[in-house]
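Hello,

Here is the structure for your files. My notes on it follow below.

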Amino acid sequence: MLKKLLPVAAIMFLAAGAIFGSPVIGAGAWSAWPAVNNNGAPFWDQPSADGSACNVGYFLAGGFGGCSSLKNGTPATGLNLGGSNLEYYSDNDAITPFLLEAGQWTFTLEGRIAGSNTFEVGYFFPLSQTPTLYPIFNQNNWVGNTATINVNDVIALYLRDGSYFFVSDDNPLGVAAFRNTQLLNQFYFGFEDRPNGDWDMNDVVLSAHYVPEPGTYALIGAGL
């Protein structure tokens, strides 16, 4: 009887890991959110050229002021989530590459600060021999706009702003990941839009909710 149960237990364990584990994958790790004090460390707390308290840390954790330009309906108070509810994905406090698991992702445009008048954020399949870019939002979208995608393979995120191009999985690296520990599978992504910029990661900010592939639930059902 035990031998028969082992494969079932293994299926349920792997499937549960896909649902309850992190769909942000890479060599980094999730770290607790320290006080946001604009001291240049960790990476998301860099002093911002858009205003002394305008980096993505202030935008996510609490209110901010003094921004040079809030675009597309960006709220002046940020998301005000509180640092105790947040974690950031890094390698020893440094921005690190990551991919997103297959499944359903619902993205919401939460903010756009300064930057040029044109931008595009989207995703691509990095394992493809000839990756195609799939836009999600551009300069015509306003805060609160949402987009849902269903993907059957891992994806990487990108930002394109004129001739500048940043991705989440490799160089040029310019996308940072965060998550809300109070909400299952709720994530945030901050983008940089200049290669010689301030790396405040606030130029475009998205939230995202993840739902695993239906096949994952089927595995749990089979196990049960």
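Proline 172 sits in the loop between β11 and β12 (175-180). The peptide bond that leads into proline 172 from asparagine 171 is cis, with omega near -5°. Strands here are DSSP runs of E with at least two residues, helices are runs of H or I with at least four, and both are numbered from the N terminus.

Before you read on, note that this is a predicted model: local features need pLDDT of at least 70, side-chain atom pairs count only at pLDDT 80 or more, and totals for chains, interfaces and linings use all residues. Residues are numbered from 1 along each chain as its sequence is written, and side-chain values use heavy atoms, with hydrogens and water left out.

Two backbone angles

Alanine 114 has a positive phi, near 55°, although it is not glycine. It is found in the loop between β6 (103-113) and β7 (120-124). Its relative accessible area is 9%, so it is buried. Buried means under 20% relative accessible area, exposed over 50%, and partly exposed in between (1.4 Å probe, protein chains only).

Asparagine 185 also has a positive phi, near 60°, and is likewise a residue other than glycine. Its place is the loop between β12 and β13 (186-191). It counts as buried, at 8% relative accessibility.

The sheet

Which strand order does the open sheet of 4 strands have? The order is β8-β7-β10-β11, and the pairing is antiparallel. Strands β8 (134-138) and β11 (164-167) stand at the edges with a single partner strand each, so one side of each has no neighbour in the sheet. Neighbouring strands are turned by 25° against each other on average, direction ignored. That angle is taken between axes, which are lines fitted to C-alpha atoms (for helices over the stretch in contact); angles run from 0 to 180 degrees between N-to-C directions.

Strand β10 (residues 156-161) is joined to β11 by 4 bridges, and the two run antiparallel. Two strands pair if DSSP finds at least two bridges between them. Aspartate 161 stands opposite tyrosine 164 in β11.

The disulfide

The count is 1 disulfide, defined as a pair of cysteine sulfur atoms within 2.5 Å. Cysteine 54 and cysteine 67 form it, with their sulfur atoms 1.6 Å apart. Cysteine 54 lies in the loop between β2 (29-32) and α2 (56-61), and cysteine 67 in the loop between α2 and β3 (70-71), so the pair ties together parts 13 residues apart in sequence. Cysteine 54 is buried, at 0% relative accessible area.

Salt bridges

How many salt bridges does a search of the whole structure find? It finds 4. The rule is a side-chain nitrogen of Lys or Arg within 4 Å of a carboxyl oxygen of Asp or Glu.

Arginine 179 meets glutamate 87 at 2.7 Å, N to O. This pair links distant parts of the chain, 92 residues apart: arginine 179 is in strand β12 and glutamate 87 in strand β4 (residues 86-90). Arginine 179 is partly exposed at 24%, whereas glutamate 87 is buried at 18%.

Glutamate 120 bridges to arginine 160, with the closest N and O atoms 2.9 Å apart. Glutamate 120 lies in strand β7 and arginine 160 in strand β10, so the pair ties together parts 40 residues apart in sequence. Glutamate 120 is buried at 16%, and arginine 160 is partly exposed at 33%.

Aspartate 193 and arginine 194 meet at 3.9 Å, N to O. Asp161, Asp193 and Arg194 are linked in a network of salt bridges.

Best wishes
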